[in-house]
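Colleague: Hey, got a minute to walk me through this one? I'd like to start with the aromatic rings.

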Amino acid sequence: MSALKKVDFGKLAATLRPDTVAALNTFRRRHADLTKKIGELREAQTTVDFATYRTVLQNKKIVNDAEKAFQLYQPRAYSLAEQLRAIDTQEAKAVAAAQATEARINQELAELKDLLVNIETARPIDQLTVDDVVQAVPEIDSVVEKMARRNQWRVPGYYEKFGEFRVGF
């Protein structure tokens with residue numbers, strides 16, 4: 001119960017996928033219902049006053065048989081090993097999925113930090129030279145050479161997409 005109070009479910013829900021949040025809320029609701037039910041059952045009266053039944057009922061043999069059966073009753077002990085094993089398996093899968101997600105997020109975070117450093121240290125576009133562009137994207141050089149050999153001075157699809165820009169006409 002103390003672990004339940006230590007978890008900030010609002011913050012946790014903000015970091016999880018919607019289907020995981022729904023499953024978590026369902027689990028929490030079921031836990032709350034069962035906790036409430038257990039509390040009610042503990043508070044319920046479990047003693048049976050057989051003396052009252054003997055005074056009310058004429059057939060005392062029935063009351064005596066019921067009392068004997070009540071005293072001899074022993075609740076069955078069930079083996080929960082299989083259910084606990086299934087829970088442990090599911091927990092292991094959830095932990096593995098969480099670790100895989102954490103690794104993927106850490107990798108994406110590292111890539112984004114590198115990208116941010118590149119963006120912050122990049123020169124403004126008006127200071128770039130053709131050599132800088134060729135160095136960044138080497139295949140541009142071969143494409144431009146091939147187009148020049150063919151006397152192809154227009155980029156295919158450019159004018160269809162952006163139109164022709166004319167100055168002073």
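Modeller: Sure. Rings of Phe, Tyr and Trp count as a pair if their centres lie within 6.5 Å. Keep in mind that this is a predicted model.

Colleague: OK, how many aromatic pairs are there in the whole structure?

Modeller: A search turns up 3 aromatic pairs. Take Tyr158 and Phe162: the ring centres are 5.0 Å apart and the planes sit at 45°, so this pair is tilted.

Colleague: Why tilted rather than stacked?

Modeller: Stacked needs planes under 30 degrees apart and edge-to-face needs over 60, so 45° falls into the tilted group.

Colleague: Where do Tyr158 and Phe162 lie?

Modeller: Both are in helix H9, residues 158-162. They are 4 residues apart, which is about one turn of the helix.

Colleague: Which residues do the ring pairs link into a cluster?

Modeller: Tyr158, Tyr159 and Phe162.

Colleague: Is Phe162 buried or exposed?

Modeller: Phe162 is exposed, with 55% relative accessible area. Tyr158 comes out at 41%, so it counts as partly exposed.

Colleague: New topic: which residues form the nonpolar patch on the surface?

Modeller: Val48, Tyr53, Val56, Leu57 and Phe70, with about 460 Å² of accessible area together. One of them, Tyr53, is in helix H4, residues 50-56, and is partly exposed at 44%.

Colleague: Last one: what does UniProt place at residues 95-122?

Modeller: The unreviewed UniProt entry has a "coiled-coil region" there. In the model, residues 95-122 are 96% helix and 0% strand, and the end C-alpha atoms lie 40 Å apart.

Definitions and conventions
Residues are numbered from 1 along each chain as its sequence is written. This is a predicted model: local features need pLDDT of at least 70, side-chain atom pairs count only at pLDDT 80 or more; totals for chains, interfaces and linings use all residues. Side-chain values use heavy atoms; hydrogens and water are left out. Rings of Phe, Tyr and Trp (its six-membered ring) pair if their centres lie within 6.5 Å; planes under 30 degrees apart count as stacked, over 60 as edge-to-face and the rest as tilted. Helices (H or I, at least four residues) and strands (E, at least two) are DSSP runs, numbered from the N terminus. Buried means under 20% relative accessible area, exposed over 50%, partly exposed in between (1.4 Å probe, protein chains only). UniProt positions are given in the numbering used here, feature names are shortened, and annotations may be inferred rather than shown by experiment. Patches are made of residues with over 30% relative accessible area and no salt bridge: like charges are joined within 9 Å, nonpolar side chains (Val, Leu, Ile, Met, Phe, Trp, Tyr) within 5 Å. Accessible areas come from the Shrake-Rupley method with a 1.4 Å probe; for residues, only the protein chains shown count as cover. A salt bridge is a side-chain nitrogen of Lys or Arg within 4 Å of a carboxyl oxygen of Asp or Glu.
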